[in-house]
Each structure stands twice: as C-alpha cells, then as structure tokens.
Amino acid sequence: MNIKLEIWRQKDAKSKGGFVTYPLDGVSEGMSFLEMMDFLNTTLIKKGDEPVAFEHDCREGICGSCSLYINGRAHGPAHETTTCELRMTKFRNGDRIVVEPWRSKAFPLIKDLIVDRSSFEKIMQAGGFISVNTGAAPEANSIPIPKNHADEAFDSAVCVGCGACVATCKNSSAMLFVSAKISQLALLPQGQVEAKTRVQNMVTKMDDLGFGNCTNTGACEAECPKGIKIANIARMNREFICAKMGAQKMSL
Amino acid sequence: MIKLDAKIPEGPLAEKWSLYKKNVHLVNPANKTKIDIILVGTGLSGSAAASSLAELGYNVKAFCFQDAPRRAHSVAAQGGINAAKNYRNDSDSVFRLFYDIIKGGDFRAREANVYRAAEVSNQTIDQLVAAGTPFAREYSGYLDNRSFGGVQVSRTFYAKGQTGQQCLLGAYSGLIRQIAKGKVTMYSRRDMLDLVIIDGKARGIITRNLVTGEIERHSAHAVILATGGYGTIYYLSTLALGSNPSAAWAAHKKGALFANPSFVQIHPTSIPQMNDYQAKLTLMSESLRNDGRIWVPKAKGDKRAPNSIPEEERDYYLERRYPAFGNLVPRDVASRAAKERCDAGYGVGDTGLSVYLDFSKSIEKQGKKAIENKYGNLFEMYNKITGINPYNEPMRIYPAGHYTMGGLWVDYNLMTTIPGLFAIGESNFSDHGANRLGAGSLMQCAGEGYFVIPVTISSFLSDEIKTPKIPTSHPEFEKAEKESKDKLHKLLSINGKQTVTAFHRRLGKIMWDHCGMVRNEEGLKKAIELIAKLKEEFWKDVKVPGALNELNQELEKAVRVADFFELARLMCQDAINRKESCGAHFREESQTPEGEAQRIDSEYSYVAAWEYCGEDKEHNLHKEALKFENIELKERSYK
Ligand SMILES: Cc1cc2nc3c(=O)[nH]c(=O)nc-3n(C[C@H](O)[C@H](O)[C@H](O)COP(=O)(O)OP(=O)(O)OC[C@H]3O[C@@H](n4cnc5c(N)ncnc54)[C@H](O)[C@@H]3O)c2cc1C
Ligand code: FES
C-alpha cells in the first residue's frame, strides 16, 4: 500500500523542529509499524537523507523504549498495544499518518522522535524500592502473600515506563506511572515498612519535576499499552493522605 | 604466553564455595570506599552486581546503552527462573539442579562453577522476593512453581510470562536505591567502545555518549562486563535489536580469551518469520510446552486447517521420539526435531517452515481460565502478531536464534584472562556448556550479580588497596580514545551505497545457513569465505549517514555490525574445530544412528578458549580440559 507520513523532524534540543511529509510506496500489510519506519529510513539513507531517529529495542512490547504519538494517539490506534507491536494492518492504502514525539515539559526532546524520559528515573530513585540489602532477605516462603494481593501487585508491576500516560494527559501528569509502583509495593507485606515515606517522597519528586496534576479524565488508563488501571491512582491518593496524616500525628 | 588456570578451589564439590569464602582475601570497609569499579551493562546480572557492590562500599560507575537500566534485554525473559528450593517435595536438591545443568549442557561446562550457581539459586529467590518481585503464588499464599524443559522436577519460579521483567525490576530497584545514595553513578545512553589496559590490568573504558556523540574516558580499579549475549548475529533472533557483542569483543581484542563462541542456542518455539522486512522474531516461552503439544500432520504437504486434521492423522513427533520427556525435551533437541520434520516436507504454514503447538487438550482438561492465568499475555502477544487466536487454533512455531552459551572465558572468580576484567551473566561462558536449560539464565545472572561477584572480586581488589585513583590522562587512555575515534571516522567516511542493516541481514543469513542449528565442515568453510567477502564489501560500500558529534543511530549499528563480521568468523572457526556434536552444536558428521548428537569425549571434553592474534588472522586455540569428578559422563538421553 501507499501511505503519506507526516513526521516531526528536529535536529536536536536547541533547533527548531517541524513536520516533514514523506510519501511512502510499497508498504506491506505484513509489516509492523516500526518495520515500516525502518523501510522509510532505508529509503531516506539511500537517497542521501538523514534517517528519522526513534527509540526502540525489544520490539515486543516489554522494554518500554518505543514511544510514538501516532495520529494523535500515544502508541497509535490499537488498544493496549505498544508502537512496536502495532501492525500496518491497522492502516489503509492512501492513509495520511502523523507521527510525533511525546510532548511534555518533563520529557524534553532530544532528536526527531526521541525524548528524554530520565525524569521517570528520578521519581523511581526517590523511593520506588524496598530497602533490602543483598543477603538480608528472609526465606522466600516465610511470608505467605494472599494470591489476590500478589496478582494485583503483579498487574501494577507490569508498567513498562514508556511515558504514554504522561504524553496523553492534558496536564502531563505522571500519576498513573507513579501510582503503579506505589500500589505494587503497598500491596506486598515487604513494602509496608517504608510505605509512608515512599509515597511522600515519590509524589513530592513528581511535583518537583514539573509533572501536572490529575484531573481524572482517564485518558492515561485508556491509552496505557499495558492496561494499568486508574484505580492505582486512587490507591496512591489514599496512601498519600494516610501518610500525611500519619506523619503529622507523629510530628505533633 | 597465556596459561589457562580456572582457579577451581580445593575440596569436595559441595564445599568448594564455602571453603573459598572462608579463605578469600577481603577488602576492609574503609578501603572499599577508595576503590572504583566500572560495570558495563545493567541488565539482571549488572543491576544485581551494581547494587550489591555499592552496598559493600565500593564506588560503582555503571553504564548502559538504553536510556534507563530498566530497559535492558533481561526485561524480555518470559518463562521463569530456576532454584533448588524443593518446595514441591519432588526430590529436588542443589545436586540435582547442578546435575541437570551439566547434563543439559551436554557435559561441556565446568563442574565447580555450575555447582556454585545451583547453590546460590535459593538465596536469589529470597532476595528477589524481598525486593518486591511479584512471583506467582498458590491460593495458600506460598510461591508457585512450574516445570521447564530437560528436567523432571518443578523448580521454576515465574511471574506469568513476564518473569524477566519482574526480576529485572527487582534488581533495578536495588540499583536505583544506590544511585539515589550516590554510591552508583549511572551513565545511560553510552556505548562502550574500548577497554583500557594499564600495566597489564583493566583500568578503564572508552565510551561514546549516544546523545552528544562525545567520546569519553572512564577509569577504575577494575572493570566488570555484564553486556549480555550476541544472538543478534543471525540478524533475526529473539533478542532485543540493540543486543550486541561489541563490549566483549573489544575486551577480546585486548587479550581476553573468548570461549566456545559457536555454542548458540536456537530456541524451538518462536513465531516463524513472516516476511522479508521483518526485524526480529518473537519468542513464545518454553513454559508453553508444559501444556502445549507439538505436532505436524502425518501426511506430507497436508494443507488442511489444523482443526480439521483428525487426531489419528497427527504426528506428535516429540512424544513419539522421546516418550520419557515428550514435549519437554531440551531446546536443542526440540529445535532439531522441528527442523527435521520441516526439511522432510511435513512442515505447516505457507512456507512449510513451522510446526503446531496445540493447547486444545489442556484447555479441555483444565479449562480456558487456567490456561489464561498461566499464559494470558503470551497468547495475547501471539494473537497481536499473527491475528490467530491460540485459544481456538494451534500456534505455529519455528526455531530462532536465542541465547549464546559462548562468551568471555572466565575462571572461578569470574575473571577473564585480563587481570581486573570480569564478566558476568550471558556475556561469559561459564555455566551452560553446549546448551542452556530453560530458566537457567536468569538464575545464573542474578546469582552471579548478587552473590558471586561481590565475593570473588575481592580476590583481585584486595591487592589494589594501595592503588590510587587511575588518571584518565594516562597515555593508554589517549591511545584507546584515538583508535576508537579513527574507527568511527572511517565508518563515516566510506559513504558507499548499502545500508548497515542490509549487511547485517546478509551476514545473518550466512550464519543461519551454515553456523545455525546444523553444521558441517564444508558449509562452515564456505561461510568463512562468504564472511570475508562480505566484510570487505562492507568496508568499501557501507553508507553511514550523519556525523560523529550527534545522536546517530546508524553509526551505533555500524560499529556493532563491524564487530559481528569478526565474531562470525571466529564462530565458524570454533565450529570447524569441534568435530563432535554436543548440545546445540550439531555437526552432521557426528551423529548416532538415530540422528542424535554424538559427543566424542576422548577428544573434545574441553572448553575451546580462543586468543585474538590480529585482524584477519586465525585465532589461537587454548584448551581448558573439563574434569568430571562428581558425575559420570553419559550419552544424554531423553527417551
Ligand atoms: C525472548 C527471551 C526470553 C528469555 N526467557 C528466559 C527465561 O524465561 N528464563 C531465563 O532464565 N532466561 C531467559 N532468557 C535469557 C535471559 O533473558 C538472558 O540471558 C539474560 O537476561 C541476560 O542478562 P544479562 O544481565 O547478562 O544481560 P542483558 O539483560 O542483556 O543486559 C545487557 C546490558 O549491557 C548493556 N550493554 C550491552 N552492550 C553494551 C555496550 N556496548 N556498551 C554499553 N552497554 C552495553 C545493555 O545496555 C544492558 O544494560 C530469555 C531470552 C530471550 C531473548
Ligand atoms: S521496543 Fe520495547 S516496548 Fe516497544
């Protein structure tokens, strides 16, 4: 099939960017979206043009590297699908496809379609862990965990950290991402000890980094390629309020 | 003159590690804070090592090429991680796990290392659970286990089909905690280009900042590589596209021997190639073989839809050939059996290059819900890629390049032949012999990172406490930096007509055809010629657009493909040298009358460790003889 791509090109963080149109013939239905992008890049390189920079690695929806905004939607039109899992069968001959990078103040652009998501790392470093040193762990079965808690923790833990939730939110809120980690650890007995400080530190960091607030539009949940539920945000808010009250009580 | 010394400690097998720990020279806590360690790679092995070393007090500088450590290829592991907990009371033990790994590896791994890997496996599960890894549990709240290929016990811990993701995130959480404390400095988006050796010891690395293109120097008292495997040499493989041998290869060219390079595992259950544009193959976890049955039609070229082929017209060839293990035979055996059926004309699908993996029996017996609980995400992944719903119709699968048992040669300390240079995880050769059992890599990676390297590295560092910080102004840094820059400039200046990927694809095909599932001397020799020609063409006609001092993904790829050519040649040389069949290395000239791999223990019971002798020169072979003192060498039978 033949398609017309409109792709955001920007040489680096400082340069001014803009859309460039690329008509592309000979796209096969059997291609994945990123294979189509590879195909475009091959054509560009052969013509002596610069290929389009985009991020990817595993190409199977698990590493969270890929990140495109396709026709106004994070990771494109398919439900619970990362860009690398998206197939060209979702498009028709003659389609115009607009490809943009994530757009958020907290994710500055690096080049073309690649943005800097290290702010996510900083939030994680603020508390996304259980402080157990190597060697200090008790026998694994010494603390049974109800299956439904373990399963729920797992459902939150499958977040791949791609940033679609932020890119899709009109407030650039990172609440879904942060709450998924808070929930995972809050649901496990191992995570209880530090639960209060964790939620406060992570939320504070998130605010410091310029992510916006949550106004409950639910766009993040709808666009999350991993099906992370907005109920995580409610749990995080509860944890946060409890922690604040607890902390105040303690300091009184 | 290099002399291989595996430094295996004295004492009975089961006591070697305890005795070693008792006797190893330690670095006292105050001195640790004066010592810097470079760790390249923050996958499961690297993240576990980084946090553990930092907790001990060392200053760690960690590197990865992705934008964050959480994206390392370990994240893609699906099926599980082994340990000898014996939670099922099915007679599992450290010895049995050790035995299964040695046998699975077709008796080509070093006993002492493997035993230690089995020994620390239990503690690894404890550690990961404590870090918040949500492994699957039973209704009682206790940890669940499943079976994997090549064994008769249930010892695999799992988190649905995302075990690697959950284990990596567990280890990563320890790493980020140390980053926050300032004990680990994380350098993301960096490619290691070269190793710097000063007075015979590994003291630093040269990296390229992948955003600015800047070439940087980093120094330390010791360097650890945890850079993963090189299965991407086949172009199409189950690995992440960025997986590469370049860091290990740079070390190899500086003197680290490379062991058993041709031992590559071809995984039996990947989604088959569908078109020529394809960039990777997606794995369907081996765990599926617990409940899925593999078959092809009994009649050649049967084009009926799978569900309309009656039971009696199906050939469950694994169950037929290997009644004791059935669908759970080891990977190499399952892969060759699939190739055999397809080559004989029984394969299914448009290309005839696939076989069925069928869940209908299990769904009938256990119910759809139970199957969904175990494999939900894998079924979804399959459906997304192929458009076929595996709850209603069998999956189609075919073997794909997957895991490299070969890697940098290391001794019991996990040190390479360069003093001060260590290798952990998939980047070393140490534990899996000629074939890795499922769920054994995560076990090895986490075990080495958490519990082995933090101990064994002090055998080297205890003599370094008086060594001051290493200055990056040393002439060796200057020289290595210049060489790296020259290579990059050369790649950029060729300005030919073909893309890097086009070369990689062609190289992959040569390797798949001649150094893949089945090998023979003639094919391997031909491959060496083809590789040499292709390499020459590459250096004349590759086109790498863009410049050095910018984000340049084509340049990153070009560096890797340039190394692939050299490694490919060595793989073929290694495969030619080993005239026996063992594990994944199947030499057509050496098979039993039934078509199984025929080892020749009298001649090849050794690790082939290769020494680099200069560009386009043949490598020099060093042999580490393998001694089996605790188990009897046997024909590996799964019948
Ligand atoms: C699809 C798939 C499924 C698998 N499933 C299982 C399973 O169920 N159970 C199991 O036990 N094993 C499984 N394996 C194998 C296992 O996942 C890997 O062997 C293991 O995760 C490797 O971990 P590692 O720490 O050695 O390296 P990796 O996780 O590959 O990490 C490599 C690190 O090195 C860095 N790096 C690499 N090159 C450079 C360079 N030149 N410069 C700087 N940094 C560099 C990367 O950035 C990364 O941080 C699977 C493998 C695949 C492909
Ligand atoms: S490339 Fe890994 S999730 Fe898309």
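**Close-up 1. Helix α17(B) lies across strands β10, β18 (606-611) and β19 of chain B.** In this predicted model, the helix runs at about 145 degrees to β18(B). The strands beneath this legend's title belong to an open sheet of four strands in chain B, whose order is β16-β10-β18-β19 and whose pairing is antiparallel. At the edges of this sheet are β16 (407-408) and β19 (620-625) of chain B, each of which pairs on one side only.

**Close-up 2. Strands β10 and β16 of chain B run antiparallel and are joined by two bridges.** Strand β10(B) comprises residues 258-259, and within this pairing A259(B) stands opposite G407(B) of β16(B). Strands of a sheet pair through backbone hydrogen bonds, in either a parallel or an antiparallel sense.

**Close-up 3. A second view of sheet architecture shows five strands of chain B forming an open sheet with parallel pairing.** The order of the strands is β5-β2-β1-β9-β17, and from one strand to the next the twist averages 20 degrees. Because β5 (184-187) and β17 (421-423) of chain B stand at the edges with a single partner strand each, one side of each is left without a neighbour in the sheet. The partner of β17(B) shown here is strand β9 of chain B, residues 222-225, and the two pair in the parallel sense over three bridges. Within that pairing, V223(B) has L421(B) of β17(B) as its bridge partner.

**Close-up 4. The surroundings of T501(B), a residue of helix α15 in chain B.** Helix α15(B) spans residues 500-514. When residues up to four places away in sequence are not counted, T501(B) touches Y235(B) and K557(B). With K557(B), the side chain of T501(B) makes a polar contact of 3.2 Å.

**Close-up 5. Chain B meets chain A through 73 residues of its own, in contact with 72 residues of chain A.** The area buried between the two chains is about 5900 Å², with carbon and sulfur atoms giving 54% of this area. Of the area that chain B buries against chain A, R71(B), R137(B) and K384(B) supply 12%, which is more than any other three residues.

**Close-up 6. Polar and charged interactions between chain B and chain A include six salt bridges.** In one salt bridge, K280(B) is joined to E60(A), and the closest N and O atoms are 2.7 Å apart. There are also 35 residue pairs in polar contact between the two chains, counted where both residues are at pLDDT 80 or more. The side of chain B that touches chain A draws at least two residues from each of several helices, namely α3 (44-56), α5 (111-130), α6 (163-181), α11 (368-386), α12 (440-456) and α17 (553-577) of chain B. Helix α6(B) gives the most to this side, with nine residues. By class, the side of chain B that touches chain A has 35 nonpolar, 21 polar and 17 charged residues.

Note on methods. Residues are numbered from 1 along each chain as its sequence is written. Chains are lettered from A and ligands numbered from 1 in the order in which they are written. This is a predicted model: local features need pLDDT of at least 70, side-chain atom pairs count only at pLDDT 80 or more; totals for chains, interfaces and linings use all residues. Side-chain values use heavy atoms; hydrogens and water are left out. Contact means heavy atoms within 4.5 Å. Buried area is the accessible area (1.4 Å probe) that two parts lose on being put together, summed over both. A salt bridge is a side-chain nitrogen of Lys or Arg within 4 Å of a carboxyl oxygen of Asp or Glu. A polar contact is a pair of N or O atoms within 3.5 Å; within protein, one must be able to donate a hydrogen and the other to accept it, and residues adjacent in sequence count only if both atoms are side-chain atoms. Ala, Val, Leu, Ile, Met, Phe, Trp, Tyr, Cys and Pro count as nonpolar, Asp, Glu, Lys and Arg as charged, and the others, Gly among them, as polar. Two strands pair if DSSP finds at least two bridges between them. Axes are lines fitted to C-alpha atoms, for helices over the stretch in contact, and angles run from 0 to 180 degrees between N-to-C directions.
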